[in-house]
Amino acid sequence: MEALDLVEECTFDLVLLALVMPLLNGFEVLTQMRKRSELAHMPIVVMAGPGSGEELQCRLAGADQFLPWPLDALALGECLKNCLEKDG
């Protein structure tokens, strides 16, 4: 629950979320974030292994963007720019 507590306590412009985490999986965190009204509109970029087949599931759960591992610096930069421009 540390990720959810941190997002609620601090001010962020967006969240980069890995699907694999120590206590909760990324889908659980994503779903819980979207259920909370104060986090419902925060841009969330989910990162997972390529070919994992999880992109559709992430988008259905509320992810704004999906990036495959390993991260490509140019794709990450473009993704962050688009999310921040859309939100701001």
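**Salt bridges and a small-stranded sheet**

In this predicted model, the count of salt bridges comes to 4. One of them joins Arg36 to Glu8, with the closest N and O atoms 2.4 Å apart. This pair ties together distant parts of the chain: Arg36 sits in the loop between H2 and S2, Glu8 belongs to helix H1 (residues 2–9), and 28 residues separate the two. Arg36 is partly exposed, at a relative accessible area of 24%, and Glu8 is partly exposed too, at 35%.

Asp64 and Arg34 also meet through their side chains, in a salt bridge of 2.8 Å from N to O. Again distant parts of the chain are linked, since Asp64 lies in the loop between helix H3 (55–61) and S3, while Arg34 is in helix H2, 30 residues away. Both of these residues are buried. Together with Lys86, Arg34 and Asp64 make up a network of salt bridges.

Helix H3 has a salt bridge of its own, between Glu55 and Arg59, whose closest N and O atoms are 3.5 Å apart. The two residues are 4 apart in helix H3, so about one helical turn separates them. Glu55 is partly exposed at 37% relative accessibility, and so is Arg59 at 35%.

Now for the sheet: 3 strands line up in the order S1-S2-S3, forming an open sheet with parallel pairing. Strands S1 (15–18) and S3 (65–68) stand at the edges with a single partner strand each, so one side of each has no neighbour in the sheet. Between S1 and S2 (residues 44–48) there are 4 bridges, and Ala18 stands opposite Met47 in S2. Helix H2 (residues 26–35) packs on the sheet, touching S1 and S2, and its direction makes about 145° with that of S1.

Technical notes:
Residues numbered from 1 in each chain as written. Predicted model: local features only at pLDDT ≥ 70, side-chain atom pairs only at ≥ 80, totals over all residues. Heavy atoms only, no water. Pairing = 2+ DSSP bridges. Contact = heavy atoms within 4.5 Å. Axes fitted to C-alpha atoms, helices over the stretch in contact; angles between N-to-C directions. Buried < 20%, exposed > 50% of the residue type's maximum accessible area, 1.4 Å probe, protein only.
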